[in-house]
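Here are some short exercises to work through with the structure open beside you. Try each task yourself before reading its solution.

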Amino acid sequence: MSKVFTISNKPIIIAGPCSVETPQQLSNTVEALSQDQRVDMIRCGVWKPRTRPGGFEGMGEPALQWIASLRKKHPKLPPFCCEVARPEHVALCKQYGIETVWLGSRTSVNPFLVGELAESMRGSGLSVMVKNPITPDVALWIGAIERLQQVGINDIAAVHRGFSTYNNFGYRNNPLWEIPIELKRRIPELPLYCDPSHIGGHREMIASLSQMALDLHFDGLMIECHSNPDDALTDKAQQITPQALTAILDNLKIRQHDATGPSDLQRMREQLDVVDTQILKLLSQRMKISKDIGIIKRRHNMPIFQPQRWQQVLERQMENAKTMGLDEGFVKELTEKIHGESLRVQER
Ligand code: PEP
Ligand code: MN
């Protein structure tokens, strides 16, 4: 069976409603989306994991029946994908001809559940997307992917939808881009998509988050679309119309992943490598001095940390930041990191 998830210069676009609500809402949304040739796949929420009880939990099997009849009516529609959270969902998706599914972030966080779902997919030939766990834990994300690989699922992609953290800094889910970047570093051949809808939580944020994802070498986007977002039963603030999706896609700058760039760029990168080595050499020199200072402090029965001295160091570096045109927040964070390491080195 050919793979659904591949890496190329053209980002894969997955779009569709957060939840399937009615046959009319489904066909209005999907028919409009299929007018845009760039939409590769339709996403549909059939079972909805809700934070609190009492809300709309998805239509379940009837939604799959509506999808099947819509596909019968329009055989040329892009393929559909649905979220599965229990082995019964996997069986129903297979029964209704859905060949691509995804694990949501409340599922990928739970190794027992991922194990059970994986078992239910053994020999199914399904293509599976794995959303990041709600906690920022790259090992748990990789673990979910490995549990699928263990049962012979080999068409897998990862979807970054942000993380639930103490302060989400204005996002619905904090993007913490370093986590998907680390995933890509560890498994470069794994296609990595971004779900800007669940990261932003607001329509206005979808365009800029999508561009950010493409600039960070993501291989595709999953975007929630609804024929009438303001009436949506779930996630209404973040859903956009199919027309709005087309406008966003029109304005996206698609980067060429395999481009090597002009020779100037190569030369400048070599310069960067030299500077990076110099930075580490200087840091190593600084830590050696710190270590010696630690010995003297111990000899004179002085505490390692002296608040006044730290205040002076920080102020001097903030002045330096201003003169050198460096971002002050960045320099403060960097100085704190270096100081923390210096204290650690002196403690030994
Ligand atoms: C969804 O895609 O509709 C969804 C519930 O996603 P997540 O698992 O990212 O919250
Ligand atoms: Mn949603």
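**Exercise 1. Work out what share of the residues of the chain count as buried.**

Solution. This is a predicted model, so keep in mind that every value here is computed from it. Start with the chain length, which is 348 residues. Of these, 43% count as buried. Next, look at how the contacts are distributed: among those between residues at least 6 apart in sequence, 73% join residues at least 24 apart. Finally, list the elements: the chain has 13 helices and 8 strands. Its C-alpha trace spans about 80 × 45 × 40 Å along the principal axes.

**Exercise 2. Trace the order of the strands in the barrel and say how they pair.**

Solution. Begin at S1 and go from neighbour to neighbour: the order is S1-S2-S3-S4-S5-S6-S7-S8, and these 8 strands form a closed barrel with parallel pairing. Neighbouring strands of this sheet are turned by 25 degrees against each other on average, with direction ignored. Then add a helix: H1, residues 23-33, packs on the sheet and touches S1 (12-16), S2 (41-44) and S3 (80-83). The direction of H1 makes about 155 degrees with that of S2.

**Exercise 3. Find out how strand S4 is connected to S3 and S5, and whether its residues are buried or exposed.**

Solution. Take the S3 side as step one. S3 and S4 run parallel and are joined by 3 bridges, with glutamate 83 having tryptophan 102 of S4 as its bridge partner. The chain travels from S3 to S4 through helix H3 (residues 87-95), making a right-handed β-α-β crossover.

Step two is the S5 side. Here 4 bridges join S4 to S5, again in parallel, and threonine 100 stands opposite serine 127 in S5.

Step three is burial. In S4 (residues 100-103), Thr100 and Trp102 lie on one side and Val101 and Leu103 on the other, and all of them are buried, leaving both faces covered.

**Exercise 4. Explain why the buried residues of helix H5 lie on the same side of the helix.**

Solution. First pick out the buried residues of H5 (residues 111-121): Val114, Leu117, Ala118 and Met121. They are on the same side because they cover an arc of only 105 degrees around the axis. The general rule helps: an α-helix has 3.6 residues a turn, so residues three or four places apart point the same way. Now ask what that side meets: the buried residues pack against H3, S4, H4 (105-108), S5 and H6 (138-150).

Then check the ends. Asparagine 110 caps the N-terminal end of H5, with a side-chain oxygen 3.1 Å from the backbone nitrogen of phenylalanine 112. After H5 comes glycine 123, which has a positive phi near 75 degrees.

**Exercise 5. Classify histidine 160 and aspartate 215 as buried, partly exposed or exposed.**

Solution. Histidine 160 lies in strand S6. Its relative accessibility is 0%, so histidine 160 counts as buried. Beyond neighbours within four places in sequence, histidine 160 has contacts that include Asn132, Trp141, Trp177, Tyr193, Asp195 and Phe218.

Aspartate 215 belongs to helix H9 (residues 206-215). Its relative accessibility is 38%, so aspartate 215 counts as partly exposed. As a last step, compare sequence with space: aspartate 215 and lysine 253 are 38 residues apart in sequence, while their C-alpha atoms are 8.5 Å apart.

Terms used
Residues numbered from 1 in each chain as written. Chains lettered and ligands numbered in written order. Predicted model: local features only at pLDDT ≥ 70, side-chain atom pairs only at ≥ 80, totals over all residues. Heavy atoms only, no water. Pairing = 2+ DSSP bridges. Helix = DSSP H or I, 4+ residues; strand = E, 2+ residues; numbered from the N terminus. Axes fitted to C-alpha atoms, helices over the stretch in contact; angles between N-to-C directions. Contact = heavy atoms within 4.5 Å. Buried < 20%, exposed > 50% of the residue type's maximum accessible area, 1.4 Å probe, protein only. Right-handed = clockwise from strand over helix to strand, strands pointing away. Arc of directions from axis to C-beta. Polar contact = N/O pair within 3.5 Å; in protein donor to acceptor, adjacent residues only side chain to side chain.
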